[in-house]
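Here are a few exercises to work through with the model open beside you. Try each task before reading its solution.

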Amino acid sequence: MEVVASLPADTQLSRVAERVRRIEALGYDTVHVSETVRDPFAVCALALEHTSRLTVRTSMVVAFARSPMVTAYSAWELARFSGGRFQLGLATQVRGNIVGRFSMPWSDPAAQLRDYLDSLRAIFGSFATGEPLSHSGPHYTFDRLQPYFRPGPVDVPAPQLWTGGVNRRMCVLAGERSDGFVTHPTNSHPTFLRERVLPALREGADRRGRRDGGTRVVVVPKAITGGDDRTVAAARERARSEFAFLYSTPAYRRTLETLGLADLGDRLTRMAREQHWNEMPQTVTDDALRTLVPQGTYAQLPAVLESWYGGTCDGLSIDPPEDPADDDEFADLLDRIRAIPERPVR
């Protein structure tokens, strides 16, 4: 099982080196770099420079905020710089952010992301071979790449393309076109994976006629953990606030409906609309959290995660402990998580 850490979104460039060195020393396989308040490619460059083994994957670059050509140049150079340790994760974001925050057009996000992925593969192919660039899709057309603007081949494979998403169309698209798929915390429950996500991925793979083993799946369950019961309890309170906010968004309610908790989503959405932010966390009871999120001490968590995810996914994301004094115990936990069986070969 691949073990993944997420670099905190507030990581300033001056702190990237120390944080990724610690992540690598703990024994993680991969670090995820988000796009929230910092340029993800600048963060990735530093992360790659200051590690030697770690895979660095964007999770996720906001695709529609930039041209596929701009993204391709950044990804190609990071692949060259890292010797193949960079992977490109892309997602659509939501309409409000694309239109209001980035001032970019929004139409059919699943179809546009499909064309975006196809564009990237065409561009990578032209970079690698020097053949003329020719891609014509419903959203993007690329037919010009003079020799002066070609970065030239790299001696490693083109970056893997990963996607993320919540709804069925994005899962089907990932099965068709993506090397890997990263779940959102709100669609990471094993029941939702088995009933919704994995069947949609298989549908996409079958539609495409893929024979390459299919799309890898990394799950982000936001597990609640700590060295002892007291720290687990403190982590539970932080998780209660985060999940109250996440599940107040109607688009993220599908897992609640699947698990018979639709009423909880209705209450949270209503409270958010009425701006009762401080009251929302207490609406997410301990019983609801136990249903939604795996939890346990460092000693207990690997067995809990295996019971939830063994044979269901290919990777698990779990954040490093806040206190470096826990690092030795946490490194042992990661070794035990790595031993959890992945999905059977597709």
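**Exercise 1.** Find what joins the side chains of Arg216 and Glu2, and classify how accessible each residue is.

*Solution.* Start with the contact: Arg216 and Glu2 form a salt bridge at 3.5 Å, N to O (a side-chain nitrogen of Lys or Arg within 4 Å of a carboxyl oxygen of Asp or Glu). Next, place the partners: Arg216 is in strand β10 (residues 216–219) and Glu2 in strand β1 (residues 2–6), 214 residues apart (strands are DSSP runs of E, at least two residues; helices are runs of H or I, at least four; both are numbered from the N terminus). Finally, Glu2 is buried at 9% relative accessibility, while Arg216 is partly exposed at 25% (buried is under 20%, exposed over 50%, partly exposed in between, with a 1.4 Å probe and protein chains only).

The model is predicted: local features need pLDDT of at least 70, side-chain atom pairs 80 or more, while totals for chains, interfaces and linings use all residues. Numbering runs from 1 along each chain as its sequence is written, and side-chain values use heavy atoms, without hydrogens or water.

**Exercise 2.** Locate Glu176 and Arg207, and decide which is buried and which is exposed.

*Solution.* First, their side chains meet in a salt bridge of 3.1 Å, N to O. This pair connects helix α6 (residues 168–177), home of Glu176, to helix α7 (residues 190–208), home of Arg207. Then compare accessibility: Glu176 is buried at 6%, whereas Arg207 is exposed at 52%. Lastly, look around them: both belong to a salt-bridge network that also includes Arg114 and Asp118.
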